[in-house]
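Work through the following exercises with the structure open beside you, and try each task before reading its solution.

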Amino acid sequence: MASSKGPASPAVRVAEMEKMSVEQLKAVKEQTDLEVNLLQDSLNNIRTATTRLDLASVALHDLSLRPQGKKMLVPLTASLYVPGTLDDSEKVLVDIGTGYFVEKTTVEGKDYCERKIHLLKSNYDQLLELASKKKTVADEAGAVLQAKVKQLAPQT
Amino acid sequence: MASPAAVRELQRDLENKANDLSKIQKDIAKNHQVRKKYTIQLGENELVLKELELLKEDANVYKLIGPVLVKQDLAEANANVRKRIEYISAELKRLDAIVQDLEEKQNSKREAVLKVQQRMQALQAGKAKA
């Protein structure tokens with residue numbers, strides 16, 4: 001089916017849609033709606049990930065302010081905390097993916113979070129653009145479909 | 001002429017071809033899924049490689065093997081990730097070739113199914129007239 005609507009201007013697209021039958025048009029609209037939903041899901045996932053990275057960055061900053069030897073409660077499970085002392089708040093282990101962890105300082109760790117957040121933000125912007133373009137196509141398809149159905153129906 | 005046996009045979013032929021077509025389509029769908037998984041892994045590994053390249057020579061790298069965090073040499077970690085990226089890229093190329101071949105088969109099956117359908121229609125039209 002026609003997937004990329006790259007070079008086609010809106011006028012050309014609508015003209016193409018007018019040529020299609022009601023069935024074909026319905027299929028196109030459903031397909032585009034599905035794509036829009038998928039893109040929305042991805043956008044939500046990116047937003048969640050960005051929030052988590054932000055929280056991590058804030059937690060790191062907080063950690064760097066704590067003095068060494070400070071008493072703290074260490075979570076062993078979700079409901080079990082054990083008293084302990086803060087050892088070295090300068091070094092942190094960062095999960096960089098595929099099972100690899102890197103030892104970094106809190107400053108480097110915050111830098112890592114910032115970099116990831118930037119990367120996610122640029123992905124988010126790209127996806128947002130793509131999603132709004134698809135939504136436009138879906139709306140156009142819906143409008144042409146309605147017009148066609150009305151054309152076929154008013155035999156009163 | 002349009003004997004019921006000929007119609008039955010055409011119908012059987014149609015069923016066989018239709019089954020083949022749906023099997024090819026299922027294979028294409030499976031290929032897409034595996035492809036997606038590999039593409040995601042490739043992306044993740046490339047991110048890891050970038051991070052590793054930003055590190056100083058003496059930085060500590062650990063790998064999570066099961067429940068154990070094992071200290072790894074930076075050079076070794078780099079080599080491992082690069083090898084993995086190579087492997088995944090090779091797999092993706094292989095899958096690409098396979099899916100292209102499958103798509104060609106799908107198209108030719110579709111044409112074959114269409115031809116059998118047309119013959120059946122012609123035969124039945126001939127029967128109706130007779």
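**Exercise 1.** Find what volume the largest pocket has and which residues lie nearest its centre.

*Solution.* Start with the size: the largest pocket (an open set of points on a 1 Å grid over the protein atoms alone, with protein on both sides within 12 Å along at least five of seven lines) has a volume of about 1,200 Å³, a volume being the space filled by probe spheres set on the points. Next, turn to the lining, whose residues have an atom within 4 Å of a point: there are 32 of them, and A49(A), K116(A), L120(A), E44(B) and L47(B) lie nearest the centre. Finally, ask which element gives the most, and you arrive at α2(A), with ten residues. The model is predicted, with local features needing pLDDT of at least 70 and side-chain atom pairs pLDDT 80 or more, while totals for chains, interfaces and linings use all residues. Side-chain values use heavy atoms, without hydrogens and water, residues are numbered from 1 along each chain as its sequence is written, and chains are lettered from A and ligands numbered from 1 in the order in which they are written.

**Exercise 2.** Decide whether α2(A) and α3(A) are roughly parallel or antiparallel to each other.

*Solution.* First take the angle between helix α2 (residues 22-65) and helix α3 (residues 106-152) of chain A, which is about 160 degrees, with the axes 7 Å apart. Angles over 145 degrees count as roughly antiparallel, and α2(A) and α3(A) are therefore roughly antiparallel to each other.

Note on methods:
Axes are lines fitted to C-alpha atoms, for helices over the stretch in contact, and angles run from 0 to 180 degrees between N-to-C directions. Helices (H or I, at least four residues) and strands (E, at least two) are DSSP runs, numbered from the N terminus. Angles under 35 degrees count as roughly parallel, over 145 as roughly antiparallel, 65 to 115 as roughly perpendicular and the rest as oblique. On a 1 Å grid over the protein atoms alone, a cavity is a set of points where a 1.4 Å probe fits but cannot get out, and a pocket is an open set with protein on both sides within 12 Å along at least five of seven lines; lining residues have an atom within 4 Å of a point.
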